[in-house]
Amino acid sequence: MSASTSAKQPTIELSDLDITQLVEIKKQLEEELAHLTASYEKLKQAQTRFQDCIDSVKTIKEGKDILLVPLTQSLYVPGELVDTDKVMVDVGTGYYVEKNSVDAINFYSDKVEYVKKNVETLRQTILTKQSNLRSTIDIMQYKISQGAQGASSSQTK
């Protein structure tokens with residue numbers, strides 16, 4: 001089977017499904033939406049952290065040599081920067097690389113752009129899932145109302 005054939009999923013008409021199947025699809029869509037929304041929030045937080053890193057590097061480049069150095073979460077001591085052009089950049093999984101300010105800003109700018117693209121892709125996926133969920137709920141409501149009308153018309157006969 002080729003990759004293009006395996007990537008295609010069969011299309012199911014929601015109107016052909018019964019209420020219990022629709023309830024299961026609705027539940028699955030809600031779970032997927034919750035997971036995607038949580039992932040979206042985490043990506044937005046990462047984007048903000050990377051932007052904060054850019055702002056911090058720019059701040060120390062401006063010559064503000066005195067800052068507070070954290071010893072614990074609530075204890076700080078005054079510190080003075082000796083070399084404002086060199087910074088240690090967290091490149092992931094506990095590895096740090098020394099970079100000059102310009103390279104550090106470029107590194108984090110690339111990270112911001114990468115995350116921004118992923119956020120947009122995820123946003124589109126969330127919108128699609130929300131639309132699918134609305135369609136499922138609409139069809140469920142229609143089927144329930146049709147069932148109720150059928151039941152009331154059979155009682156009046």
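A search of the whole structure, a predicted model, yields two aromatic pairs, where rings of Phe, Tyr and Trp (its six-membered ring) pair if their centres lie within 6.5 Å, planes under 30 degrees apart counting as stacked, over 60 as edge-to-face and the rest as tilted. The ring centres of F107 and Y108 are 5.2 Å apart with planes at 80 degrees, so this pair is edge-to-face. F107 and Y108 are both buried, that is, under 20% relative accessible area (exposed is over 50%, partly exposed in between; 1.4 Å probe, protein chains only). Together with F50, these two residues form one aromatic cluster.

Q47 belongs to helix 2 (residues 19-61); helices (H or I, at least four residues) are DSSP runs numbered from the N terminus. Q47 is buried, its relative accessible area being 13%. Leaving aside residues up to four places away in sequence, Q47 touches V112, V115, K116 and V119, contact meaning heavy atoms within 4.5 Å.

The lining of the largest pocket divides by class as follows.

| Class | Lining residues |
|---|---|
| Nonpolar | six residues |
| Polar | five residues |
| Charged | two residues |

Of the 13 residues lining this pocket, I12, L14, I25, L29 and N132 lie nearest its centre. Helix 2 and helix 3 (101-156) are the elements that give two or more residues to the lining.

Residues are numbered from 1 along each chain as its sequence is written. Local features need pLDDT of at least 70 and side-chain atom pairs pLDDT 80 or more, while totals for chains, interfaces and linings use all residues, and side-chain values use heavy atoms, without hydrogens and water.

Terms used. On a 1 Å grid over the protein atoms alone, a cavity is a set of points where a 1.4 Å probe fits but cannot get out, and a pocket is an open set with protein on both sides within 12 Å along at least five of seven lines; lining residues have an atom within 4 Å of a point. Ala, Val, Leu, Ile, Met, Phe, Trp, Tyr, Cys and Pro count as nonpolar, Asp, Glu, Lys and Arg as charged, and the others, Gly among them, as polar.
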